[in-house]
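Hi,

Here's the structure I promised to pass on. Have a look at it first, and then read my notes below.

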Amino acid sequence: MATSMLLRAGPGPVMQMPVSRAQGNEMHTTLQSPSIGGARSIAAGRSGHAMCSRERALLKIRAQSGTQDVTKEASSDTSKLEAGKKNNNVVFVAGATGKVGSRTVRELLKSGVQVRAGVRDVSRGQAVLKATDKSESLEFVKCDLENDAIESCLGDAGVVVCTIGASEKEISDVTGPYRIDYKATENLIKAATSAKVNHFILVSSLGTTKFGWPASILNLFWGVLIWKAKAEKALEESGLSYTIVRPGGMERPTDAYKETHNLILAPKDTYSGGQVSSLQIAELIAACVSNLDLAGNKVLEAIAETTAPLRPLKDLLAEAPSRK
Ligand SMILES: NC(=O)c1ccc[n+]([C@@H]2O[C@H](COP(=O)([O-])OP(=O)(O)OC[C@H]3O[C@@H](n4cnc5c(N)ncnc54)[C@H](OP(=O)(O)O)[C@@H]3O)[C@@H](O)[C@H]2O)c1
């Protein structure tokens, strides 16, 4: 069927383009998005200075619960790190201040896991993710993926989610997609591999390994899809269990989009375009975390359509083909 799409995978403008739908597994989500925030913050080591366990043990976590401030030692995290144990109930989210990242943090908290929200600026993270009764499960971690020592930021997280992308506010920076969508993402993949996390979820984009329209147009914006494809390859070759989520255009759809458009999943290189909301992608990521056995080594192209049937996420994850 043909319709139209809006797609922005990087710092370029939103573009309208035709959509062809080949095949796919229909899915839909019904979760709501609550307000959250407050939470704790933890400072990461700087570049070239990966914190040793002793330093981590001395590191203080400042916890805020409502109006009460609580300070505690991070020794429990340290012991788990030393034992090489990773906890799938702890999820590190890179890009937690972003549109997809902030919604992903909310959905993960709703599902009951603990979140280490990776942010470049903790106060900005706290402002984006406002007060919540789940604040005891949320910890802000200062983590610039270009400059900080990433492995120590991961703590005992068993799952890492990467939602970063070059900023549209820095569209004049020709190096943006190379630095962020590829190198910074690759830095996170390497750190996750070294830390032996159990699963890595990467938010990429439709069109990364498709030639022609619309990839060729999007790539005019500093080759953003080329760099995203290289990040996908780095993840696939890392040896980690992975899920690559490739959303359609997310600029126009609001959080209410899912009330009229049901989510569809399809295998790699199915779609040339389509739209989906940031919230629907966040719900998909949370479903992957809750069903890691169904998410391993899968590339999930995700759009939403009015004609798609409403189906449980878990069923559609189960139907999505694994690449191993
Ligand atoms: N928007 C679309 O239509 C669309 C379509 C398909 C795919 N995508 C992709 O989906 C992903 C999420 O998109 P979005 O709309 O949520 O993006 P967004 O709102 O622009 O968020 C990007 C996030 O990346 C973070 N970031 C950038 N550089 C960083 C670094 N060096 N270290 C750590 N964090 C860094 C930003 O942090 P700061 O707050 O500190 O800047 C921000 O939290 C991106 O990869 C995007 O390319 C988007």
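What follows is a walk through what turned up, going from the whole chain to the strands, the core, the ligand and a couple of single residues.

First, a caveat to keep in mind: this is a predicted model.

**The chain as a whole**

The protein chain has 324 residues, and 51% of them are buried. Its secondary structure comes to 11 helices and 14 strands. If you take the contacts with a separation of 6 or more, 77% of them are between residues 24 or more positions apart.

**Strands β7 to β10**

I'd start with β8, residues 114–119. Five of its six residues are buried, so the rest of the structure largely encloses this strand. What does it pair with? One partner is β7 (residues 87–94), which lies parallel to β8 and is joined to it by five bridges. To get from β7 to β8 the chain passes through helix α3, residues 99–111, and this β-α-β crossover is right-handed. Another partner is β9 (residues 138–142), again parallel and again with five bridges to β8.

β7 has a further parallel partner in β10, residues 157–162, with five bridges between the two.

If you want to step across these strands residue by residue, begin at Val 160 in β10, which stands opposite Phe 92. Phe 92 in turn stands opposite Arg 116 in β8, and the bridge partner of Arg 116 in β9 is Glu 139. One place further along from Phe 92, Val 93 stands opposite Ala 117 in β8.

**Strands β11, β12 and β14**

The other strand worth a look is β12, residues 242–247. Here six of the six residues are buried, so this strand too is largely enclosed by the rest of the structure. Burial holds on both faces: Tyr 242, Ile 244 and Arg 246 point one way, Thr 243, Val 245 and Pro 247 point the other, and all are buried.

β12 runs parallel to β11 (residues 199–203), with four bridges joining them. It also pairs with β14 in the parallel sense, over five bridges. Ile 244 is a handy residue to click on, since it is the bridge partner of Leu 202 and has Val 299 as its own bridge partner in β14.

**The nonpolar core**

In soluble globular proteins, nonpolar side chains tend to be buried together. In this model the largest nonpolar core holds 81 residues, and the members that touch the most others are Val 91 and Val 160. Helix α9, residues 278–290, gives the most to this core, with nine residues.

Val 160 is the residue met above opposite Phe 92. Leaving out residues up to four places away in sequence, Val 160 touches Phe 92, Leu 154, Leu 188, Ala 192, Val 197 and Phe 200.

**Around the ligand**

This is probably the part you'll scroll to. Which residues are closest to the ligand? Of the 29 that surround it, the closest are Thr 97, Gly 98, Val 100, Ile 164 and Gly 165. By type, the shell splits into 11 nonpolar, 11 polar and seven charged residues.

Helices α3 and α6 (176–194) each supply at least two residues of that shell. The largest share, three residues, comes from α3, the helix that links β7 to β8 in the crossover.

**Two residues to compare**

Is Glu 305 buried or exposed? It has 21 C-beta neighbours inside 10 Å, and 20 or more is the cut-off, so it counts as buried. Glu 305 belongs to β14, residues 298–305. Neighbours within four places in sequence aside, Glu 305 is in contact with His 261, Asn 262 and Ile 264. Gly 274 is 31 residues away from Glu 305 in sequence, yet their C-alpha atoms are 8.3 Å apart in space.

Lys 233, in helix α8 (residues 224–236), makes a useful second case. It has 14 other C-beta atoms within 10 Å, so it is partly exposed. Lys 233 and Glu 186 are 47 residues apart in sequence, with 9.6 Å between their C-alpha atoms.

That's the tour; shout if anything is unclear.

Cheers

Note on methods. Residues numbered from 1 in each chain as written. Predicted model: local features only at pLDDT ≥ 70, side-chain atom pairs only at ≥ 80, totals over all residues. Buried ≥ 20, exposed ≤ 12 C-beta atoms within 10 Å, placed from the backbone. Pairing = 2+ DSSP bridges. Right-handed = clockwise from strand over helix to strand, strands pointing away. Contact = placed C-beta atoms within 7 Å. Near = placed C-beta within 6 Å. Nonpolar A, V, L, I, M, F, W, Y, C, P; charged D, E, K, R; others polar. Core = buried A, V, L, I, M, F, W, Y, C linked by C-beta atoms within 7 Å.
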